[in-house]
Each structure stands twice: as structure tokens, then as C-alpha cells.
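Here is a set of short exercises to work through with the structure open beside you. Try each task before reading its solution.

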Amino acid sequence: MDANEVAAHAWAIRVNLMRVALSILHHNADAEDAVSTAMLNAYRRAGSLHDEGKINAWLMRILVHSCYDLLRKRKRETPTEEAESFSEPVLMQTEGSVFESIRQLPEPYQKVLVLFYYEGFKAKEIAHILSMPLGTVLVQLSRGRNRLKDILKKEGVVHGEEQAI
């Protein structure tokens with residue numbers, strides 16, 4: 001797959017990339033920066049993609065690394081003034097949505113739930129993308145589902161045990 005095909009595919013799934021970046025970074029501007037950086041890095045590294053069937057996982061892994069790089073950089077910086085508050089992008093303005101409920105969860109649960117439910121990755125792929133053991137991913141999925149179910153019950157979305165997440 002050449003660099004232009006990788007760039008076209010990354011552009012096609014930019015919404016998914018943004019959703020994952022938001023689940024890690026929690027700030028729109030940072031998430032946009034991470035997605036842009038990941039798309040550029042994917043373009044530059046197109047030759048390292050050996051299995052075109054795994055391009056989504058490959059792109060997500062690059063994105064996750066970009067997000068963590070940005071978090072490390074943010075730790076080293078000391079803000080000199082209050083950060084400007086940006087509104088949610090139109091894409092994420094789904095008030096009362098399950099995605100908003102997921103964003104209320106602690107970060108580790110957000111990442112795995114977004115990758116699993118929104119992006120359709122299997123637990124083994126998530127473990128590879130996030131560079132963590134499969135057992136950890138499975139535990140975070142289970143705990144994240146339980147916490148999400150509690151949040152959805154409080155919001156009145158899920159009633160009793162009849163609906164499974």
C-alpha cells in the first residue's frame with residue numbers, strides 16, 4: 001500500500017481516530033493535534049505496513065502513540081495563562097449519547113470501550129494497539145461495562161438487568 005492510499009484511508013476513518021484520541025486526551029484541540037500527527041506519521045511510514053487487512057489497527061496504534069507523546073509533552077509544559085475553552089466539535093455533540101456516558105468513565109475504561117464498541121476491534125487487537133497484556137484489556141472491558149451500565153441506569157437509559165451492554 002503506497003503513502004497516498006494510506007493517507008486516503010486515514011482520512012476516511014478520521015472520525016474514528018478522533019473518537020479514540022478524545023477518549024485518551026479529553027481535550028478537543030489536543031485530540032485534533034494527535035490525529036493530525038498520527039495521519040502524518042502514517043503517511044511517512046506507509047512502507048512499514050505489511051498486511052493491508054490490518055491498516056485500521058496499524059493506524060490506531062500510531063494514533064495511541066501520538067496521544068501518549070502529547071500527554072508526555074503536556075506534563076513538561078507549565079501553562080502561563082488559562083487555557084481557552086473550545087466547544088465540542090459537531091461530530092461529538094450527541095447529548096445524552098452512550099459516547100458521552102463513556103467519557104465519564106476513567107481513562108483506561110474509555111480507551112478499551114471506544115476501541116471495542118465504536119471501532120470494532122477484538123480484545124487481542126486492542127491489547128496490541130495499546131501495548132498491554134490481553135488479560136488487562138479483558139479486565140478493563142469487564143469493569144468498564146459494569147461502570148457504564150451503572151451510569152446508564154442513573155441516566156435512565158438502561159432499566160434493570162434486561163438490557164446488556
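A helix here is a DSSP run of H or I with at least four residues, numbered from the N terminus. Please keep in mind that the model is predicted.

**Exercise 1. The overall fold**

Task: Find how many helices and strands the protein chain has, and what share of its residues is buried.

Solution:
- Start with the secondary structure: the protein chain has eight helices and zero strands. Read along the sequence, this gives the pattern α-α-α-α-α-α-α-α.
- Next, turn to burial. Of the 165 residues in the protein chain, 41% are buried.
- Finally, look at the contacts. Among those between residues at least 6 apart in sequence, 66% join residues at least 24 apart.

**Exercise 2. Helix 6 and its surroundings**

Task: Work out what span is expected for helix 6, and then list what covers its buried residues.

Solution:
- Helix 6 runs over residues 107-118, which is twelve residues. The expected span is 1.5 Å times one less than the number of residues, so helix 6 should span 16 Å.
- Now compare this with the model: the end C-alpha atoms of helix 6 are 16 Å apart, which agrees.
- The buried residues of helix 6 are Tyr109, Gln110, Lys111, Val112, Leu113, Val114 and Leu115.
- Their cover includes helix 2 (14-25), helix 4 (55-76), helix 5 (98-102), helix 7 (123-130) and helix 8 (134-154).
- After helix 6 comes Gly120, with a positive phi near 75°.

**Exercise 3. One residue of helix 6 in detail**

Task: Decide whether Leu115 is buried or exposed, and find which residues it contacts beyond its neighbours within four places in sequence.

Solution:
- Leu115 belongs to helix 6.
- Its relative accessible area is 0%, and buried means under 20%, so Leu115 is buried.
- With neighbours within four places in sequence set aside, Leu115 contacts Val20, Met60, Gly120, Phe121, Ile126, Ile129 and Leu130.
- Take Ile126 from that list: Leu115 and Ile126 are eleven residues apart in sequence, and their C-alpha atoms are 6.8 Å apart in space.

**Exercise 4. Aromatic pairs**

Task: Find how many aromatic pairs the structure holds, and describe the geometry of each.

Solution:
- The structure holds two aromatic pairs.
- One of them joins Phe99 and Tyr118, with 5.5 Å centre to centre and 85° between the planes, which is edge-to-face. Phe99 lies in helix 5 and Tyr118 in helix 6, so this pair ties together parts that are 19 residues apart in sequence.
- Check the exposure of both partners. Phe99 is buried at 5% relative accessibility, whereas Tyr118 is partly exposed at 30%.
- Phe116 and Tyr117 also form an edge-to-face pair, at 4.9 Å centre to centre with 85° between the planes. Phe116 is partly exposed at 26% relative accessibility, and Tyr117 is partly exposed at 35%.

**Exercise 5. The second largest pocket**

Task: Give the volume of the second largest pocket, and sort its lining by class.

Solution:
- The second largest pocket has a volume of about 220 Å³.
- Its lining is made of Ser48, Leu49, His50, Asp51, Lys54, Ala57, Trp58, Arg61, Lys124, Glu125 and His128. The elements that give two or more residues to this lining are helix 4 and helix 7.
- Sorted by class, the lining has three nonpolar, three polar and five charged residues.

**Exercise 6. Positive phi outside glycine**

Task: For His26 and Ser131, find the loop in which each lies and its phi.

Solution:
- Begin with the background: most residues other than glycine have a negative phi.
- His26 sits in the loop between helix 2 and helix 3. Its phi is positive, near 70°, and His26 is partly exposed at 34% relative accessibility.
- Ser131 sits in the loop between helix 7 and helix 8. Its phi is positive, near 55°, and Ser131 is partly exposed with a relative accessible area of 48%.

**Exercise 7. A residue of helix 3**

Task: Decide whether Asn41 is buried or exposed, and find its contacts.

Solution:
- Asn41 lies in helix 3 (residues 28-44).
- At 17% relative accessibility, Asn41 counts as buried.
- Leaving out neighbours within four places in sequence, Asn41 is in contact with Ile62 and Ser66.

Key
Residues are numbered from 1 along each chain as its sequence is written. This is a predicted model: local features need pLDDT of at least 70, side-chain atom pairs count only at pLDDT 80 or more; totals for chains, interfaces and linings use all residues. Side-chain values use heavy atoms; hydrogens and water are left out. Buried means under 20% relative accessible area, exposed over 50%, partly exposed in between (1.4 Å probe, protein chains only). Contact means heavy atoms within 4.5 Å. On a 1 Å grid over the protein atoms alone, a cavity is a set of points where a 1.4 Å probe fits but cannot get out, and a pocket is an open set with protein on both sides within 12 Å along at least five of seven lines; lining residues have an atom within 4 Å of a point. Grid points are joined across faces, edges and corners, and a volume is the space filled by probe spheres set on the points. Ala, Val, Leu, Ile, Met, Phe, Trp, Tyr, Cys and Pro count as nonpolar, Asp, Glu, Lys and Arg as charged, and the others, Gly among them, as polar. Rings of Phe, Tyr and Trp (its six-membered ring) pair if their centres lie within 6.5 Å; planes under 30 degrees apart count as stacked, over 60 as edge-to-face and the rest as tilted.
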